[in-house]
Amino acid sequence: MIIVVGAGIAGMVATRRLSMQGHKPVWVSAAAPPAALGETLSERGVRFLNALGWSGALDATVALPSQGRFSVWGSAGLRTVQDEDGQGYLVDKARLEDRLGQWLQRDIQGAQRARVQRVESLSDGVRAVLDDGSVLQGQALIDCTGRAAISSDAQTERRRLDRLVAVWRVFDLPEHVQTLSASLVEAVELGWWYMSPMPGQRMMVALFSDADLLPESLSRDAGCWSGLARSSDAVRVRLESLGIDCVLDQVTPTVSAAASTLASCVVQGRILRAGDAVATMDPLAATGLATALWSGVQSADAALALLKGDAGPAHRYEKDYLLGLVHHLNSQHALYGMEQRYAGQPFWQRRHRPLD
Ligand SMILES: Cc1cc2nc3c(=O)[nH]c(=O)nc-3n(C[C@H](O)[C@H](O)[C@H](O)COP(=O)(O)OP(=O)(O)OC[C@H]3O[C@@H](n4cnc5c(N)ncnc54)[C@H](O)[C@@H]3O)c2cc1C
């Protein structure tokens with residue numbers, strides 16, 4: 001029996017994939033409602049959802065078909081970004097997870113609501129100790145617990161590459177306002193802003209910067225955040241045109257971890273990791289959801305093969321993951337390198353250093 005831990009995208013995909021292959025996994029999910037973040041699901045991610053038979057998940061309550069991406073990056077002008085792969089969707093991540101979770105609960109029998117306290121490797125499998133003291137024993141375990149990465153131990157070093165945080169808020173838009181379903185990214189001295197329309201006439205507004213560079217009062221003082229927004233160009237104009245610039249002062253933003261981290265190994269004996277439990281990636285490239293989808297599928301296939309004594313797929317999974325991460329880090333570095341207007345600012349200096 002394979003245990004899957006985590007109710008994010010990676011955990012649900014791994015569970016779904018295992019049951020599509022005729023396996024009966026035990027899916028352990030903690031009852032922690034996710035935040036209503038507005039995220040971009042790339043076209044690649046949409047293809048993975050379709051392959052899992054979940055294409056119906058992206059209806060108008062969960063996602064908006066993206067009508068494009070705008071950016072102010074490298075120069076002061078507003079540009080449209082062409083994505084060769086297609087435009088993807090602007091999703092409410094909480095609603096997407098809720099939808100998929102309901103479908104999964106309906107389709108599988110082995111769902112268990114609990115927190116896993118720790119994971120222990122056995123000679124022939126894995127033990128998961130739950131927070132009520134009970135124990136689950138399986139032949140393999142897929143750790144999809146995101147940044148918590150509960151299976152990480154002293155042997156699995158998790159390296160943090162930066163101190164990125166998201167300072168964000170979701171706003172209701174006035175009823176009469178119509179907006180293009182297009183995201184906007186704007187580079188500023190402190191980092192970059194992201195605005196993304198969400199289903200239900202809402203707008204996600206986020207500033208990404210390093211934790212140590214932001215004013216200390218930011219999470220307590222809405223005026224501080226709105227002041228930063230007002231000193232931007234394109235974001236300020238869009239906030240004004242949507243009529244939400246006046247409410248910025250009334251709500252304090254939420255600060256969430258968004259730092260890039262890397263685990264030193266993806267597969268460790270009968271423990272396989274997927275999604276953010278392997279690596280958390282800078283959201284600038286919007287690849288996290290697609291990677292969670294891809295790795296959920298791959299880790300499930302690799303776990304099934306391990307049960308049959310075939311370690312080949314697990315080795316390939318680990319290799320492909322690490323190659324993908326190298327590719328991601330290089331493209332990310334090139335993307336940050338395109339913005340040289342603020343090269344003297346700490347946020348940008350840190351990202352312009354050569355990769356080690
Ligand atoms: C601010 C921000 C913006 C982002 N924007 C984008 C974007 O636009 N596009 C994009 O593609 N990606 C984006 N990402 C990244 C993307 O959200 C993640 O890569 C993706 O959601 C990871 O999914 P996951 O399933 O691996 O992890 P998670 O979604 O973190 O799921 C982890 C799950 O594990 C559970 N869990 C944790 N500990 C335990 C435990 N001990 N026991 C049981 N369960 C446990 C949690 O409750 C949760 O259900 C963004 C990330 C951030 C922080």
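Modeller: Two strands count as paired if DSSP finds at least two bridges between them. The model under discussion is predicted, and this criterion is applied to its strands.

Colleague: How do you know that strand β5 and strand β15 pair?

Modeller: β5 (residues 68-72) and β15 (residues 182-188) share five bridges, in the parallel sense. The cut-off is at least two bridges, so the two strands are paired. One position can be read directly: G68 stands opposite A182 in β15.

Colleague: What makes β5 and β6 a pair, and in which sense do they run?

Modeller: Three bridges link β5 to β6 (residues 79-81), and the sense is antiparallel. Since at least two bridges are required, these strands also count as paired. S71 has R79 as its bridge partner in β6. β5 and β6 form a hairpin, with six residues between them. Within the turn, G74 has a positive phi of about 90°.

Colleague: Which bridges tie β14 to β17, and which tie β14 to β18?

Modeller: β14 (residues 164-172) and β17 (residues 202-210) are joined by nine bridges, antiparallel. V165 faces S209 of β17 across this pairing. β14 is also joined to β18 (residues 254-257), by four bridges and again antiparallel; there, A166 stands opposite S256. Both counts satisfy the requirement of at least two bridges, so β14 pairs with β17 and with β18.

Colleague: Why are β3 and β4 called edge strands?

Modeller: The open sheet to which they belong has three strands in the order β3-β7-β4, with antiparallel pairing. β3 (38-41) and β4 (63-65) each pair on one side only, and they are the edge strands. Neighbouring strands of this sheet are turned by 25° against each other on average, direction ignored. Between β3 and β7 (residues 89-92) there are four antiparallel bridges, and the bridge partner of E39 in β7 is V91.

Colleague: What makes you say that helix α3 packs on the sheet, and how is α3 directed relative to β7?

Modeller: α3 (residues 93-107) touches β3, β4 and β7, and its direction makes about 75° with that of β7. Angles of 65 to 115 degrees count as roughly perpendicular, so α3 is roughly perpendicular to β7.

Colleague: Which strands are the edges of the sheet that contains β10?

Modeller: That sheet is open and antiparallel, with three strands in the order β9-β10-β11. Its edge strands are β9 (116-122) and β11 (135-138), each of which pairs on one side only. From one strand to the next the twist averages 20°. β10 (residues 125-130) pairs with β11 in the antiparallel sense over four bridges, and A128 has L136 as its partner in β11.

Colleague: Are α6 and α7 to be described as roughly parallel or roughly antiparallel, and why?

Modeller: They pack at an angle of about 155°, with their axes 7 Å apart. An angle over 145 degrees counts as roughly antiparallel, and α6 and α7 are therefore roughly antiparallel to each other. On the α6 side, the contact is made by S295, Q298, S299, D301, A302, A305 and L306; on the α7 side, by G312, P313, A314, Y317 and Y321. These residues divide into seven nonpolar, four polar and one charged.

Colleague: Which element supplies the largest share of the shell around the ligand?

Modeller: α6 does, with four residues. At least two residues each come from α1 (9-20), β2 (26-29), β3 and α6 (288-307). Of the 34 residues around the ligand, G6, G8, G146, G275 and G288 come nearest. By class, the shell comprises 19 nonpolar, eleven polar and four charged residues. Gly counts as polar in this division.

Colleague: Why is the protein called as compact as a globular protein of its length?

Modeller: Its radius of gyration is 21 Å, close to the 21 Å that the globule rule gives for 356 residues, so the description applies. The protein holds eight helices and 22 strands. Along the principal axes, its C-alpha trace spans about 60 × 45 × 40 Å.

Notes. Residues numbered from 1 in each chain as written. Predicted model: local features only at pLDDT ≥ 70, side-chain atom pairs only at ≥ 80, totals over all residues. Axes fitted to C-alpha atoms, helices over the stretch in contact; angles between N-to-C directions. Contact = placed C-beta atoms within 7 Å. Near = placed C-beta within 6 Å. Parallel < 35°, antiparallel > 145°, perpendicular 65-115°, else oblique. Rg over C-alpha atoms; globule rule 2.2 N^0.38 Å.
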